[in-house]
Amino acid sequence: MPRPVLATIDLSALRHNLAVVRRHAPLSRVFAVIKANAYGHGLARAARAFAAAEGYALLELEAAVELREAGYRQRVLLLEGFFEARELPVFTQHRIAAVVHSRDQLRMLQQLPADAGLDVFIKINTGMNRLGFSPAEFSDALRALKSNPGVARITLMTHFANADEPRGVDSQMEVFDRLANGEELPRSLANSAAIFRYPDTHCDWVRPGIMLYGCSPFAEQTGTEIGLKPAMTLESQIIAIRELKRGDAVGYGGLFTAEHDTRVGVVACGYADGYPRHAPTGTPVMVEGRMTRTLGRVSMDMLCADLSDIPEARTGSRVVLWGEGVPVEHVAAAAGTVGYELLCALAPRVQIVET
Ligand SMILES: *Cc1c(COP(=O)(O)O)cnc(C)c1O
């Protein structure tokens with residue numbers, strides 16, 4: 001038998017979550033965001049599950065070309081655009097759209113042949129201060145794109161820093177609206193959080209990422225609580241059982257010391273599988289269908305679970321690290337991070353099963 005750690009990916013959950021996007025943004029077209037290997041779910045698998053989307057958005061040119069070679073004809077958008085002018089022929093040959101966010105990119109676009117027909121998404125920095133033209137640079141940048149004969153369609157784009165937080169999108173929307181006012185161009189603004197909370201941001205193209213995978217963009221709610229279905233379940237088995245006496249410690253650093261006799265299950269899953277090393281004692285985990293907690297430090301290939309109240313647990317018992325019954329958001333919160341990071345970090349060595 002192979003090592004028992006495996007991730008099951010529920011394709012019907014992926015499709016369900018795309019339908020949730022449609023329900024929230026019925027008038028918008030959808031770029032399914034499949035960057036970071038589709039948030040750990042597998043690029044090819046996710047592309048298949050989201051084949052009903054009007055487009056895909058990702059970061060790597062090679063992966064975009066793979067989508068074309070696999071026969072996908074939807075729009076494909078690279079969220080950081082191109083990094084060097086010599087990439088441009090690949091964009092035009094495969095009809096890949098590029099985010100244009102910098103003057104460096106505008107300079108590279110001067111080499112674009114007049115018949116290139118490149119689609120661009122001009123990114124405006126409305127307050128996140130990561131990528132994008134500042135409000136002061138915007139009109140010059142837009143003019144340069146409009147007068148470039150190699151540029152075909154232009155879409156106005158921005159990205160929100162606080163759509164998942166109380167601060168919301170108002171101040172960024174104000175900047176965007178002021179600049180976009182009077183421009184008869186399509187618009188793309190909303191990430192998952194804005195799709196849920198701010199219908200005014202939906203416009204022509206929404207860009208859902210995390211919600212497609214069934215994980216919540218909000219700290220205070222799980223995906224299930226907002227109508228999504230988590231697509232990934234990370235599971236393994238107990239491969240050994242220890243009976244600790246009062247005073248015995250477990251694992252590296254002896255971070256957990258038993259205060260009374262404690263039955264411990266050693267689980268075949270560790271940080272080299274993508275489980276967060278920072279998850280402390282008390283992180284939720286499910287054994288034999290019952291909730292319990294981790295004990296001590298997560299090591300590279302193993303972690304420990306408290307079996308004191310699960311007498312039926314034995315070697316071979318099923319353990320769910322996250323997914324079905326164990327919200328990844330709760331595991332992430334215990335480890336001081338967000339579900340995004342755990343899903344993306346799923347290690348290549350974990351066997352994947354589709355359901
Ligand atoms: C990652 C990303 C998204 C998707 O964000 P989620 O919070 O996962 O929905 C949308 N737009 C851009 C530009 C991104 O980089």
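The nonpolar cores and a set of paired strands are described below. The model is predicted, and local features were taken at pLDDT of at least 70, side-chain atom pairs at pLDDT 80 or more, and totals for chains, interfaces and linings from all residues. Residues are numbered from 1 along each chain as its sequence is written, and side-chain values use heavy atoms, with hydrogens and water left out.

The largest nonpolar core (buried Ala, Val, Leu, Ile, Met, Phe, Trp, Tyr and Cys residues joined through side-chain atoms within 4.5 Å; buried is under 20% relative accessible area with a 1.4 Å probe, protein chains only) holds 120 residues, of which Ile34, Phe50 and Tyr213 touch the most other members. The greatest contribution to this core, six residues, comes from helix 1 (residues 11-24); helices are DSSP runs of H or I with at least four residues, and strands runs of E with at least two, numbered from the N terminus. Because domain 1 (11-215) and domain 2 (232-354) both supply residues, this core lies between them; the bounds come from an automatic or database domain assignment. Apart from it lies another core of eight residues, including Leu244, Phe256, Ala258 and Val264.

Beyond its neighbours within four places in sequence, Phe50 contacts (heavy atoms within 4.5 Å) Leu14, Leu18, Ala32, Ile34, Tyr56, Leu212 and Tyr213.

Strand 14 (residues 284-287) pairs with strand 15 (residues 290-295) in the antiparallel sense over four bridges, pairing being defined as at least two DSSP bridges between two strands. Val287 has Arg290 of strand 15 as its bridge partner. Two residues separate the strands of this hairpin, in which Glu288 takes a positive phi near 50°. Strand 15 also pairs with strand 16 (residues 303-306), again antiparallel, over two bridges; Ala305 in strand 16 is the bridge partner of Thr294.

Conventions
Buried < 20%, exposed > 50% of the residue type's maximum accessible area, 1.4 Å probe, protein only.
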